[in-house]
Amino acid sequence: MINHDLSVVITTQNRNDDLVRAIKSIKTQSVLPKEVIVVDDGSDVRVHLSLLSELPNSILTVIHRNSEPMGANYSRNMGLKLATSTLVSFLDDDDEFYPNKIEKVLKEYSNTNADIITSKAKVDFINSKSAYTISPSKHVSFETQLIKNEVGTTSMVTIKREFAVMIGGFSEELPARQDYEAWLKALMNGAKVAVIDDVLTKINVFLYSSSISKSLNNNYKAIEIIDRKYSSYLARLNQKQIKARKNSTYLFLCHKYLISKGAWKGASFAMKSFVKTRSVKFLILSFVLLFGEKGLSAMMNFRGKK
């Protein structure tokens with residue numbers, strides 16, 4: 001028998017239409033969660049409890065409103081504090097769970113007792129024909145996570161609530177890359193990670209939006225903070241690992257340039273990345289991206305592979 005001891009934490013701000021879609025993806029689950037917690041990060045118009053009315057009465061529902069915008073990390077940590085279940089699945093308001101997500105997560109937990117459970121995700125660009133799949137590593141460690149995010153994005157991950165609280169949740173000083181750094185903290189504290197080899201999350205992205213452009217600047221800041229915070233561990237990497245991390249960081253930023261500013265800007269940054277890293281992959285990528293949407297699809301599928 002499956003234990004439904006799982007909470008879903010959704011953080012949201014000024015995106016009620018997206019939030020409704022996210023909630024519908026919970027309603028259609030083959031196995032329902034114990035509770036759904038929505039943290040409204042000071043939206044201009046308060047998120048009303050009626051938005052959760054379609055959920056079955058068997059699900060506990062909570063809406064917490066921050067009196068002013070406090071950021072996604074603060075809001076996720078608030079969701080962790082409010083959660084009462086053993087497991088917490090995170091869902092960004094613009095993402096969705098596929099119908100068997102919670103069922104498969106609970107089965108995996110009953111078999112492995114893992115601290116973190118992740119799975120594949122489909123990234124869908126809703127104003128483009130492009131899409132790709134993120135595949136987490138089945139052999140992640142603290143050292144490999146230092147090099148690149150091998151666990152996945154926030155909406156892909158379920159974590160033991162007590163373990164998440166023990167590591168301090170999400171670092172609130174980070175303006176971006178909070179998922180990468182949270183899993184880094186978890187692995188540093190001995191987290192056991194289980195990977196489900198199925199696509200269980202859909203990540204929706206609207207290309208070239210102003211929020212993504214803002215995210216690009218935030219990611220630069222976040223990378224600087226993380227590099228300082230983990231400098232003693234980074235100093236222990238060998239030359240091969242240092243090169244791999246450098247390439248991974250530039251590929252990550254190239255992806256951000258591409259989805260925020262378009263193929264030409266992405267190609268330009270790929271060429272700059274080639275100059276910085278001398279990796280032929282970036283030289284090839286800079287030419288591929290000149291083919292517009294076809295290049296975009298190639299980039300996404302290239303980045304999605306681990």
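In the predicted model, R278 lies over the face of F274, at 5.5 Å from the ring centre. A second arrangement of this kind involves R177 and F252. Here the charged end of R177 sits over the ring of F252, 3.9 Å from the ring centre. Both distances fall within the 6 Å limit applied to the separation of a charge from a ring centre.

Aromatic rings also associate with one another, and a search of the whole structure yields 7 aromatic pairs. One of these is formed by F142 and Y233, whose ring centres are 5.2 Å apart and whose planes meet at 75°; the pair is therefore edge-to-face, given that an angle over 60 degrees defines this class. The pair links distant parts of the chain, with F142 in helix 4 (residues 142-147) and Y233 in helix 8 (residues 231-234), 91 residues apart. The two partners are assigned to separate classes of accessibility: F142 has a relative accessible area of 10% and is buried, whereas Y233, with a relative accessible area of 26%, is partly exposed.

An edge-to-face geometry is likewise assigned to F170 and W183, because their ring planes stand at 70°, with the centres 5.9 Å apart. F170 belongs to the loop between helix 5 (161-166) and helix 6 (178-188), while W183 is part of helix 6, so that the pair ties together parts 13 residues apart in sequence. Both F170 and W183 are buried. Together with F90, F170 and W183 make up one aromatic cluster.

Helix 9 spans residues 239-261 and contains 23 residues. The distance from its first C-alpha to its last is 32 Å, close to the 33 Å expected at 1.5 Å a residue. At the N-terminal end, helix 9 is capped by N238, a side-chain oxygen of which lies 3.1 Å from the backbone nitrogen of K240. After helix 9 comes G262, which has a positive phi, near 105°. Within helix 9 is T249, which is classed as buried because its relative accessible area of 18% is under the 20% cut-off. T249 and N149 are 100 residues apart in sequence, yet their C-alpha atoms are 9.9 Å apart in space.

A further buried residue is found in helix 11 (residues 280-288), namely S286, which counts as buried because its relative accessibility is 3%. The side chain of S286 reaches the backbone oxygen of L283 at 2.5 Å. When residues up to four places away in sequence are not counted, S286 touches A267, A270 and M271.

Among the strands, strand 6 (residues 116-125) and strand 7 run antiparallel and are joined by 4 bridges. The connection between strand 6 and strand 7 is a hairpin through 5 residues. Strand 7 comprises residues 131-134 and has two faces: Y132 and I134 form the covered face, and A131 and T133 form the uncovered one. Y132, which is on the covered face of strand 7, has V123 standing opposite.

Definitions and conventions
Residues are numbered from 1 along each chain as its sequence is written. This is a predicted model: local features need pLDDT of at least 70, side-chain atom pairs count only at pLDDT 80 or more; totals for chains, interfaces and linings use all residues. Side-chain values use heavy atoms; hydrogens and water are left out. The expected span of a helix is 1.5 Å times one less than its number of residues. A polar contact is a pair of N or O atoms within 3.5 Å; within protein, one must be able to donate a hydrogen and the other to accept it, and residues adjacent in sequence count only if both atoms are side-chain atoms. Buried means under 20% relative accessible area, exposed over 50%, partly exposed in between (1.4 Å probe, protein chains only). Two strands pair if DSSP finds at least two bridges between them. Contact means heavy atoms within 4.5 Å. Rings of Phe, Tyr and Trp (its six-membered ring) pair if their centres lie within 6.5 Å; planes under 30 degrees apart count as stacked, over 60 as edge-to-face and the rest as tilted. A charge sits over a ring if NZ of Lys or CZ of Arg is within 6 Å of the ring centre and within 35 degrees of the ring normal.
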